Structure formats: structure tokens, C-alpha cells
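Thank you all for coming; I would like to walk through one model with you this morning, going from a loop to the helix pairs and then to a few single residues. Please have the sequence and the structure open as I talk.

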Amino acid sequence: MNGLHPIKMPSAKEKVAAELRKAILSRQLQEGEAVTLESVANQLEVSVMPVREAFQILARDGLIKLQRNKGAVVLGINETYIREHYQLRAILESAAAEMCCAPEVDITRIEESYECAAESIQNNDFAAYADQNREFHSEIWSAAGNSRMENMIAELWNGLSMGSMITEAEYAKVSIEEHERIMKAIRERNGAAAKEEMYRHIMRSRDDMLTNYR
């Protein structure tokens, strides 16, 4: 069948790292709490290998401390870490959005991922939005054409940045409106606007996440 494109899916280690990072940043996993390869693998229904790789990513980021007994301990996270994490994401993702506006860049897959997510919101299918949200972002990273940047952003991904004062449905509705503005700027090949809208989008996510620390 013509006109179809392969769906870009995150690797298993990226998905595990994102789930663990989200749990740590939102304080679902508390400072000092022990986690093991086997327990995480069982909960996420994956093999031990991607969990081990995800542990390496999170240890490098200073979120966990690896233990010799195949486990890790969650380290303390504060507002400074949250602010620095999202600032780095904002810098990289806004640059990627700007790069997508170059005339030669094919933005078809970005458009398709946005339209798919918008349709889910219209149908009140908010549960599907987490994966569609990532797909929209990852298509932008990919279209930017810098594989090293893409890998860096992928490892920083932490899923929906929901704070303590918002529901999944409320978050999705706000997020898709911001995606619409980003998509509009990319379609118009307005690099400055795409960069600004993406930066604002990530910073709003930061502010939502910070409500867990108040």
C-alpha cells in the first residue's frame, strides 16, 4: 500500500529509562528507595537487558546509584535538578524544531503524528496520548537530521510531565494546543517561531513538574 510510513518507536532502553525518570522526577520513587533489575523488568514486562541499559543512563544523569547486587538506589532530586533537566531539553528540542523548518526537510511524518494525536484528543482517547506525544516529538528530532542530537534528546525524555495539580485529560488538551502552534510554525517554515513555541512548551512542562516539589 502506497503512502504509508513506518512508525518510529523508541527503543526498549529508552522506554524503560523514560518510565523510571518520570517516576523519580514525580517522586513516585523516593530518595533512598531501592530498585532491582528484576523488579523493574517484571513491572514493565521487558527483559533485564534494557533495564540494565536504562540504569546506566540514569546513573550517568545522577538519578540513581548503581549497586553491586544488580540493583540501584534512588538519589535525591531537587528543584535545581528539575530546572536544569528541562532547560537542557528545551535548548535541544527548540533547536531541532528550528532545523525542521529548512526548505529541504520532509515534514510529512511530523504532520501525520500531529494529526493522529489531535484525532485521539477529539475522540477523548487521552490514554493513547502519551505514546502519540512522544511520537510527535521524536519525529521532530529525526527530521532535524542530527543523529547525535536525536540520541541525546531521546535519553532525556521523561514522558508526560504531569504535575500534582492536573489530570491526564487536562494535560493532553493543553499539550495538543501547544503542539498545534509548533506544527503551524513548522508548516510555515518559520524557524524562529518553531524554536520559540517549542521552548515555551518544554518550559511549561517544567512548571507542571515542579508542582510535585511544592
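Let me begin with a question: where is the place of Asn 124? Asn 124 sits in the loop between H5 and H6, and I should say at once that what we are looking at is a predicted model. The phi angle of Asn 124 is near 60°, which is a positive value in a residue other than glycine. As for its surroundings, Asn 124 is exposed, with a relative accessible area of 54%.

From that loop we can go to the two helices on either side. Helix H5, residues 108-122, packs with helix H6, residues 129-144, at an angle of about 165°, and their axes are 9 Å apart. With that angle, H5 is roughly antiparallel to H6, and the crossing of the two is left-handed. On the H5 side, the residues that meet H6 are Arg 109, Ile 110, Ser 113, Tyr 114, Cys 116, Ala 117, Ser 120 and Ile 121, and on the H6 side their partners are Tyr 129, Gln 132, Glu 135, Phe 136, Glu 139, Ile 140 and Ala 143. Sorted by class, the contact of H5 with H6 holds nine nonpolar, three polar and three charged residues.

Two residues from that contact deserve another word. Ala 143, which lies in helix H6, touches Cys 100, Val 105, Asp 106 and Ile 110, if we leave aside residues up to four places away in sequence. The C-alpha atom of Ala 143 is also separated by 9.5 Å from that of Cys 101, although these two residues are 42 apart along the chain. Cys 116, in turn, counts as partly exposed, at 38% relative accessibility.

That brings up the cysteines, and why is Cys 116 without a bond to Cys 100? The closest cysteine sulfur to that of Cys 116 is the one in Cys 100, and at 18 Å it is too far for a bond. A search of the whole structure finds zero disulfides. Cys 100 is likewise in no disulfide, and the nearest cysteine sulfur to its own, that of Cys 101, is 6.8 Å away, whereas the cut-off for a disulfide is a sulfur pair within 2.5 Å. Cys 100 counts as buried, at 0% relative accessibility.

Next I turn to another helix pair, H4 with H9. The axes of helix H4, residues 79-99, and helix H9, residues 191-210, come within 8 Å and cross at roughly 160°, which makes H4 roughly antiparallel to H9. The crossing of H4 and H9 is right-handed. Among the residues making this contact are Ile 82, Tyr 86, Ala 90 and Ile 91 of H4, together with Ala 194, Met 198, Ile 202 and Met 209 of H9. By class, the contact of H4 with H9 comprises 12 nonpolar, four polar and seven charged residues.

In the loop between helix H8, residues 168-187, and H9 we find Arg 189, which has a positive phi of about 60° although it is not a glycine. Arg 189 counts as partly exposed, at 32% relative accessibility.

A third pair is H2 with H3. Here helix H2, residues 37-44, and helix H3, residues 48-60, have axes that come within 9 Å and cross at roughly 115°, and this crossing is right-handed. The contact is made by Leu 37, Val 40 and Ala 41 of H2 with Val 48, Val 51, Arg 52 and Phe 55 of H3, and these residues divide into six nonpolar, no polar and one charged.

Finally, two residues that link distant parts of the sequence. Lys 22, in helix H1, residues 12-25, is partly exposed, with a relative accessible area of 26%, and its C-alpha atom is separated by 9.5 Å from that of Met 209, 187 residues apart along the chain. Which residues does Ala 172 touch, not counting those up to four places away in sequence? They are Ile 121, Phe 126 and Tyr 129; Ala 172 itself is in helix H8 and, at 1% relative accessibility, counts as buried.

Terms used:
Residues numbered from 1 in each chain as written. Predicted model: local features only at pLDDT ≥ 70, side-chain atom pairs only at ≥ 80, totals over all residues. Heavy atoms only, no water. Axes fitted to C-alpha atoms, helices over the stretch in contact; angles between N-to-C directions. Helix = DSSP H or I, 4+ residues; strand = E, 2+ residues; numbered from the N terminus. Parallel < 35°, antiparallel > 145°, perpendicular 65-115°, else oblique. Left-handed = near helix turned anticlockwise from the far one by under 90°. Contact = heavy atoms within 4.5 Å. Nonpolar A, V, L, I, M, F, W, Y, C, P; charged D, E, K, R; others polar. Buried < 20%, exposed > 50% of the residue type's maximum accessible area, 1.4 Å probe, protein only.
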